Amino acid sequence: MLIRAFVPAHITAFFVPVIKENPQLSGSLGAGINLNKGTNVFLNTEEASLERHIHVAFNGEPVKREQAKITYYVTEKMLPEDFVGEVEIWQYFDFPNGYGFGNSAGGALGTALTLAYKFGKTLLEAAKIAHEAEVIHGGGLGDVVAQLTGGIDIRIREGGPGVAVVDNILRDEYKVLVVPLGRLKTRDVLSSDIVHVISREGKKSLDTLLKNPTPETLMNEARRFAEATNLMDEELKEISREIDKVISLQSSMIMLGKGLFALIKEGEVDKVKELLLDLNLRFDILDIYWGKPIVGRWIGDE
Ligand SMILES: Nc1ncnc2c1ncn2[C@@H]1O[C@H](COP(=O)(O)OP(=O)(O)O)[C@@H](O)[C@H]1O
Ligand SMILES: CC(C)(COP(=O)(O)O)[C@@H](O)C(=O)O
């Protein structure tokens, strides 16, 4: 029996990293958006053999333990101690890896949820392990708690599941444009000198957003944060300015990847498509995902 979980992709607009000794108290403040595409994880277990073997595949390709540290961490913590047999974890990503779509968190949470479903653990138990794996291995900080909430999220208290407080901006008239251009290593950015600038500017953005929690403020602050931290390079700024000519809210940079995102209205879709085809750039237009992650038995596409 295959078990499947879906976890939305999550893009961050701005953030404040908060790292403490206890991973469950670590996380991030900030804001972001959950998308209706993301990560699908399938779990298959066979109890035939006498030893325990874990197999992981990304987009159909088997990967070694070193390339899938987060998934192995989650799997080992979630499996019952006396479990022996084969465990297969198949992860499929709708977005490229390392581009700021929260793939590592999607894989971690999806894996934890399928194992929780199979072995009778709860959503919260699974989510805590996924968050812990993310923090310990430098995958992300606030993605898991945001993905658990859905929608346009504002993370107002940091921490793992059960500790963090995540709010939502309640507006549904927008679609999300994403323009993925390249990778940015989350771990490298979070271990660099600019972390104190990120914290300072992230706090300012969060304060401003909380005073006036609208999509307009979100995008203005996303852009201000991206420029003030110097994370947004000239190429991104140039494309962003072009996009801004055809939409009403500002576009900004996906944290943490080399890419752009924007909230666009139905009436702006055609103009945006035309522009990006003209610029010869890869893009996607998605809906905001308002639900929780999904887990259950998989019978195939109906
Ligand atoms: N070919 C691949 N090699 C390594 N990781 C991959 C690959 N394809 C997908 N992934 C997944 O992407 C994750 C990396 O995502 P991460 O660097 O955190 O980026 P982001 O969170 O910005 O999407 C890995 O943890 C893994 O789950
Ligand atoms: C911005 C980031 C620290 C990393 O995001 P990603 O590269 O998508 O893993 C995120 O986890 C957050 O806390 O907001």
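**Two ligand shells, two cores and a buried helix**

Let me begin with the shell of residues around ligand 1, which divides into five nonpolar residues, 13 polar ones and no charged ones. I should say at once that we are looking at a predicted model, so please hear everything that follows as a description of that model. There are 18 residues surrounding ligand 1, and the closest of them are F58, N97, N103, S104 and G107. If you ask which element gives the largest share of this shell, it is helix α2, residues 103-119, which supplies three residues.

Now let us turn to ligand 2, which has 16 residues around it, with T12, S28, G140, L141 and G142 coming nearest. This shell divides into four nonpolar, eleven polar and one charged residue. Strands β1 and β2, the latter covering residues 27-46, each supply at least two residues of the shell around ligand 2, and the largest share, three residues, comes from β2.

Strand β2 also takes us into the sheet, where it pairs with strand β6, residues 152-157, in the antiparallel sense over four bridges. Within β6, the residue R155 stands opposite G30. Strand β6 pairs in turn with strand β7, residues 165-169, again in the antiparallel sense, and this pairing runs over five bridges. Here the bridge partner of R155 in β7 is V166, so you can follow R155 to G30 with one pairing and to V166 with the other.

What about the nonpolar interior? As a general background, nonpolar side chains in soluble globular proteins tend to be buried together. In this model the largest nonpolar core has 47 residues, and V176 and A262 are the ones with the most contacts inside it. The largest share of this core, six residues, comes from strand β1, residues 2-18. A second, separate core has 34 residues, among them A68, Y72, M78 and V87. Coming back to A262, its contacts, leaving aside residues up to four places away in sequence, are L177, I243, I247, L249 and S251.

Next I would like to spend a moment on helix α3, residues 123-136. Is this helix largely enclosed by the rest of the structure or largely open? Ten of its 14 residues are buried, and therefore α3 is largely enclosed. Those buried residues are A126, A127, K128, I129, A130, H131, E132, A133, E134 and V135, and what covers them includes α1, residues 69-78, together with α2 and α4, the last of these being residues 143-149. We can also check the length of α3, because at 1.5 Å a residue its 14 residues should span 20 Å, and its end C-alpha atoms are indeed 20 Å apart, which agrees. Just after α3 comes G138, which takes a positive phi of about 65°.

Finally, let me show you one single residue, S199, which sits in helix α6, residues 195-211. Is S199 buried, exposed or partly exposed? It has 17 C-beta neighbours inside 10 Å, and so S199 counts as partly exposed. Leaving aside residues up to four places away in sequence, S199 touches V16 and P17. Its C-alpha atom is separated by 19 Å from that of V145, a residue 54 places away along the chain.

Key
Residues are numbered from 1 along each chain as its sequence is written. Chains are lettered from A and ligands numbered from 1 in the order in which they are written. This is a predicted model: local features need pLDDT of at least 70, side-chain atom pairs count only at pLDDT 80 or more; totals for chains, interfaces and linings use all residues. A nonpolar core is a set of buried Ala, Val, Leu, Ile, Met, Phe, Trp, Tyr and Cys residues joined through C-beta atoms within 7 Å. A residue is buried if 20 or more other C-beta atoms lie within 10 Å of its own, exposed if 12 or fewer, and partly exposed in between; C-beta atoms are placed from the backbone. Two residues are in contact if their C-beta atoms, placed from the backbone, lie within 7 Å. A residue is near a molecule or strand if its C-beta atom, placed from the backbone, lies within 6 Å of it. Ala, Val, Leu, Ile, Met, Phe, Trp, Tyr, Cys and Pro count as nonpolar, Asp, Glu, Lys and Arg as charged, and the others, Gly among them, as polar. Two strands pair if DSSP finds at least two bridges between them. The expected span of a helix is 1.5 Å times one less than its number of residues.
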